[in-house]
Amino acid sequence: MSEPQISIVAPLYNERESFPHLVARLNAVMDASPLRIEVVLIDDGSRDNTAALMQQVALVDARYHCVFLSRNYGHQIALSAGIASARATEALFIIDGDLQDPPELLTDFYNKYLEGYDVVYAIRKKRKEGVFKRLAYSMFYRLMRSISYVDIPLDSGDFSLISRRVADVLSQMPEESRFIRGMRSWIGFSQIGIEYERDARVAGAPKYSFKMLRKLAYNGIFNFSEYPIKLVTRLGLITFTIAFLYLIQTLIKKYFYGDVPQGFTATLFVIVLFSGVQLIALGLIGEYVLRIFFQTKGRPLYVVKEVIRQKERLGPRPLETAPAVCKPATP
């Protein structure tokens, strides 16, 4: 297969139920398109037979390029590995392996790319998740929009088409705590959104737990907003003001009314107030320090165990380490 024009990038983790459906729909998209397309599948340390299924399809179909990570690194890291491995000359089409992002929209996204847009992102106008999850997503996106120093579009996830130059910039960005939709917005260039109705999972159970969603939200908030650290200053000013007003009230009662508050109520109030504010401040500062700590280690984002490309197995191999990526050396 000559150099592909488009790379479809899909990270996978324990997707054996949806994998046959994914391959069938990707094959239909590639067969119907006049473009040269490759599919980059990334196994993020799956514990089922997803890796074996990926090997089978890659060894019989040269259009499939499979990357196997050494362990589970998480969705954003796996997606970064796929972006770094994609060979497309024009653009990368990023989807989820559970088929909630329909690959059939490739033509619509590519047409926008031909109009001159470097980033074509999908806007979810309707979701198939539960009420609580839909509400949580909606609140998060609006919170990010209000506090972020970059313009992150509402209700837009990782489902997108990005140009080759945007993909190259993403691969050069060394963030350890990655929030790709925020990084994509930070890069800039011409961007446009396309509305779509997000499908339900075609099979299997969701892999994003509440803990993982919370971590992703934290990465977005602390990596693309100055609000948390400024909140510490504001809390300090508020507590100082409350304490100062309370002091004035006490002095007035003492000198004008000869009455000073007795007992432990006042003392307990002050201790609880200041202790709570201090713990919140330490927690917020700790989130930034934690990210600095992991970033300064200088470890590669991921380790590739094996690669299958053009029906050939290319691993394991000695590793080339870099600030942002770690991949097998060229044979």
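**A nonpolar surface patch and an aromatic cluster**

At 43% relative accessibility, F244 counts as partly exposed. The class follows because buried means under 20% and exposed over 50%, with partly exposed in between. The model is predicted. F244 lies in helix 9, which covers residues 227–256. F244 also contributes to a nonpolar surface patch of about 810 Å². The other contributors to this patch are F240, L245, L247, I248, L251, I252 and F256.

The protein chain as a whole was examined next. The protein chain contains 10 helices and 11 strands. The chain has 331 residues, of which 48% count as buried. About 16900 Å² of the protein chain is exposed. Carbon and sulfur atoms supply 61% of that area. Contacts were considered between residues at least 6 apart in sequence; of these, 78% join residues at least 24 apart.

Aromatic rings were then considered. A pair of aromatic rings is described by the distance of the centres and the angle of the planes. The structure holds 5 aromatic pairs. In one of them, the ring centres of F93 and F109 lie 5.4 Å apart. Their planes meet at 65 degrees, so the pair is edge-to-face; the cut-off for this class is over 60 degrees. F93 belongs to strand 4 (residues 91–94) and F109 to helix 4 (residues 106–114). The pair therefore ties together parts that are 16 residues apart in sequence. Both F93 and F109 are buried.

F93 also pairs with F159. Here the centre-to-centre distance is 5.5 Å and the angle between the planes is 55 degrees. This pair is tilted. F159 lies in strand 6 (residues 156–163) and F93 in strand 4, so the pair ties together parts that are 66 residues apart in sequence. The relative accessible area of F93 is 0%. For F159 the value is 2%, and F159 is likewise buried. F93, F109 and F159 join Y196 in one aromatic cluster.

Rings also lie beneath charged groups. The charged end of R71 sits over the ring of Y73, at 4.0 Å from the ring centre. The charged end of R165 sits over the ring of F189, with a distance of 4.1 Å to the ring centre.

Phenylalanine thus appears in two settings, because F244 is partly exposed at 43% relative accessibility, whereas F93 is buried at 0%. F244 is part of the nonpolar surface patch. F93 is part of the aromatic cluster.

How values were computed:
Residues numbered from 1 in each chain as written. Predicted model: local features only at pLDDT ≥ 70, side-chain atom pairs only at ≥ 80, totals over all residues. Heavy atoms only, no water. Patch = residues over 30% accessible without salt bridge, like charges linked within 9 Å, V, L, I, M, F, W, Y side chains within 5 Å. Areas by Shrake-Rupley, 256 points an atom, 1.4 Å probe, with all protein chains shown as cover. Salt bridge = Lys/Arg side-chain N within 4 Å of Asp/Glu carboxyl O. Helix = DSSP H or I, 4+ residues; strand = E, 2+ residues; numbered from the N terminus. Buried < 20%, exposed > 50% of the residue type's maximum accessible area, 1.4 Å probe, protein only. Contact = heavy atoms within 4.5 Å. Phe/Tyr/Trp six-rings, centres within 6.5 Å; stacked < 30°, edge-to-face > 60°. Lys NZ or Arg CZ within 6 Å of the ring centre and 35° of its normal.
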